[in-house]
Amino acid sequence: EQEDGTMVEREVSRGPQTRQVKQVMVKEMWYFDRNYSRLDVRILGLCPIREYTNEDIEEEGGEGAAVVKEQAFWVYFPEARDLLAQHEVFNPNNDAQRRSFDDIFIKRHFGSYVVQESNVYDNRSIESYTVGKEAVLESQRVEEEIFNWEQDVWEF
């Protein structure tokens, strides 16, 4: 209803469909815990990645519609933990072990790669300066740098 009292009817978009969510982006903060002398991680947020075909955009080769990936929304992980802990994830190959979505994230039972690293200017992701195979190599370089830093803590 508008301010002058007239009703406006329109279809409300239901947002991204759950079948379009193919990935989840996880925002984490890695830190050194001095009490336990170990490198630890804290999950800050989750973002579903929506993947769909867009008929208006053609692929680079000119064959068919382009596949588009976009971030849907961000969820603050500590607030979502209660909900994630209530829903079990089933593994059809192992029915002896029950896990919740919270277990999957906290115990890090997922594959991942680095897409951004904090820097002095805090202004660029890996994809902003490299793509393709080079982006994967840069991601591995960042992971190796973190691993080496943790190992150097124990150097005598």
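**Nonpolar core, hairpin and helix α3**

In this predicted model, the largest nonpolar core is formed by six residues, namely I43, L46, F77, A80, L84 and F105. Two elements, β2 (38-58) and α1 (77-86), each give two or more residues to this core. Helix α1 supplies the largest share, three residues.

Within the core, the contacts of L46 were examined in detail. With residues up to four places away in sequence not counted, L46 touches V24, M25, V26, F73, W74, V75, F77, L84 and F105. Of these partners, F77, L84 and F105 are also listed among the core residues.

Strand pairing was examined for β5 and β6. Strand β5 (residues 88-91) and strand β6 (residues 94-100) run antiparallel and are joined by three bridges. The connection from β5 to β6 is a hairpin through two residues. In this pairing, E88 stands opposite S100 of β6.

Helix α3 comprises 21 residues (residues 133-153). At 1.5 Å a residue, a helix of this length should span 30 Å, and the computed distance between the end C-alpha atoms of α3 is 31 Å, which agrees with the expected span. The buried residues of α3 are A135, E138, S139 and V142. These four positions lie on the same side of α3, because they cover an arc of only 105° around the axis.

Conventions. Residues numbered from 1 in each chain as written. Predicted model: local features only at pLDDT ≥ 70, side-chain atom pairs only at ≥ 80, totals over all residues. Heavy atoms only, no water. Expected span 1.5 Å × (residues − 1). Buried < 20%, exposed > 50% of the residue type's maximum accessible area, 1.4 Å probe, protein only. Arc of directions from axis to C-beta. Pairing = 2+ DSSP bridges. Core = buried A, V, L, I, M, F, W, Y, C linked by side-chain atoms within 4.5 Å. Contact = heavy atoms within 4.5 Å.
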